[in-house]
Amino acid sequence: MKSTDLYQGKHHKWIVFGRDQGKSEKIIDTNQYMIVTNQQTMLLDPGGIELFSAMLAGILSHTELDKVTTLFASHQDPDIISSLGLWDKTIPKAKLYAPWLWEGFIRHFGMDNIEYKSIPDEGQELRLDSVTFRFIPAHFLHSSGNFHVYDPEAKILMSGDIGAALEEPDAPMFVEDFARHADKMRYFHQRWMPSNSAKKNWIARVRELEIDMMAPQHGRIFKGEAVQEFLEWFDNLEVGIVNS
Amino acid sequence: MDSIRKHPEIKCFVTVATIVAQLEVILTEAKSLSLTSKNARVVAIRAGEAALGFKSITNFINEFSGRTIQTTEHINLHASQLFKLALHHLRASQLEQHLAKSLTILDHPESKKLYSVAASHVKDAMVALKHELQNLQWQFEEIEQQMRAAEYIAVTSRVEASQAGEFCASLESVSDYISSAAMRIKGAIETNLNTLDELERVFK
């Protein structure tokens, strides 16, 4: 699995894992994010059970396992968190932050040791060492209980399935030409996102954030101008369509 | 079969499910036997002197069907524990496999440590599971013995039924029923013991 440093600041760094060449062809490619502060590490959408081995190896290349104190699951899908049963045995003292709505469902992946920390509908803040993160509500985009992670210091928004694209596993990590990339995102957003009003509401809130990088769970990461281009494109896109 | 050999933990799951399904057969038959013994007792009382021998036999039928019900219900209670152990073993094995794969990607001391802990958990889980399966085997063997007694009673009761005059036919049908129910229970036990044997071979 490829790992790329996204941000290195004074207090923490962001790393993305993805483009797993070892995964089965029929499994959708996913981006897993890791935030490393002085003493702690948080995994954002740690991925499906099939990726566990590669993820574990990737994490150990950057940090010690007992520093992995926190997991975050944006929602309940298997590509997000079906590896939970294995993390539960590997980092039993960790906490999992995930939507309150999905607790009874996510526990089906196997969770005897890790502590479930329910995120309320309105979102919340989380402090890791000296860095504060915000869980931003993104309900119905696509899951009915769904959050993104905003890092005001790094100005990174981990945007879950928003901004996702269905691509080949060797695709570049960053969006280079937005107009060309938009074609790869259209079907995903029209089919997976069910609500135009939820979309408008999210865009209005996100426009108020300072964002240098928007990091989705599938596909390429948006940097600088591409972030605003995406918001504009998404605003004009009608979603909740079956035949596009 | 090949995939089951490669993943005995899956076989274990299937085995437990197969056994639980067969338990239902045993329980239903044992309950019917118990009911039959009660009905037969009423018939024997009506038959009076002519069916005195048969009347005492109904007590035996009632007793062994009661014991079979008890043993089966006891096994049923253990089934959920067995499922838990099978799941525990499955998860421990999965973790061990994923950690082995991780070691091929990055030979890291922490991964090695995790792998060795996981491997020992798999062993512990296997020991607990084998222990529980052994108990299960003993319980099935106990029912099997009860069914041998049932077959003997079926033969004796047939002799007694033949002396019951006008009640002969209805008491003979009771004897036939005891015999056929005992065979069905034995069949279900045999299936379960074979399944357990097969599982043991997979684990070896």
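This report describes a sheet in chain A, the interface between chains A and B, and two buried residues of a predicted model.

Residues are numbered from 1 along each chain as its sequence is written, and chains are lettered from A and ligands numbered from 1 in the order in which they are written. In this predicted model local features need pLDDT of at least 70, side-chain atom pairs count only at pLDDT 80 or more, totals for chains, interfaces and linings use all residues, and side-chain values use heavy atoms, with hydrogens and water left out.

**The sheet of chain A**

Chain A holds an open sheet of six strands in the order E8-E9-E10-E11-E12-E13, with mixed pairing. Helices (H or I, at least four residues) and strands (E, at least two) are DSSP runs numbered from the N terminus, and two strands pair if DSSP finds at least two bridges between them. Strand E8 (124-128) and E13 of chain A are the edge strands, each pairing on one side only. Four of the pairings are set out below.

| Strands (chain A) | Bridges | Direction | Opposite residues |
|---|---|---|---|
| E8 and E9 (residues 131-137) | five bridges | antiparallel | Arg127(A) and Thr132(A) |
| E10 (residues 147-151) and E11 | three bridges | antiparallel | Asp151(A) and Ile156(A) |
| E11 (residues 156-160) and E12 | four bridges | parallel | Gly160(A) and Pro216(A) |
| E12 and E13 (residues 222-223) | two bridges | antiparallel | Met214(A) and Phe222(A) |

E8(A) and E9(A) form a hairpin with two residues between them, and Asp129(A) in the turn has a positive phi of about 50 degrees. In the hairpin of E12(A) and E13(A) five residues lie between the strands, and Gly219(A) takes a positive phi near 85 degrees.

Strand E12 (residues 213-216) of chain A is covered on both faces. Met213(A) and Ala215(A) on one side, and Met214(A) and Pro216(A) on the other, are all buried. Here buried means under 20% relative accessible area, exposed over 50%, and partly exposed in between (1.4 Å probe, protein chains only).

**The interface of chains A and B**

In chain B, 13 residues are in contact with 18 residues of chain A, where contact means heavy atoms within 4.5 Å. The size of an interface is often given as the accessible area lost when the parts come together. Between chain B and chain A the buried area is about 1400 Å², of which carbon and sulfur atoms give 65%; the term stands for the accessible area (1.4 Å probe) that two parts lose on being put together, summed over both.

Four residue pairs are in polar contact across this interface, both residues at pLDDT 80 or more. A polar contact is a pair of N or O atoms within 3.5 Å; within protein, one must be able to donate a hydrogen and the other to accept it, and residues adjacent in sequence count only if both atoms are side-chain atoms. On the side of chain B that touches chain A, helix H3 (52-105) and helix H4 (109-161) of chain B each supply at least two residues. H3(B) gives the largest share of that side, eight residues.

**Two buried residues**

Ala57(A) is found in helix H1 (residues 52-60) of chain A. Ala57(A) is buried, with a relative accessible area of 3%. Not counting residues up to four places away in sequence, Ala57(A) touches Ser102(B), Ile105(B) and Leu106(B). The C-alpha atoms of Ala57(A) and Met1(A), 56 residues apart along the chain, are separated by 8.7 Å.

Gln137(B) is found in helix H4 of chain B and is buried, with a relative accessible area of 16%. Leaving aside its neighbours within four places in sequence, Gln137(B) is in contact with Leu193(B), Leu196(B) and Glu200(B).
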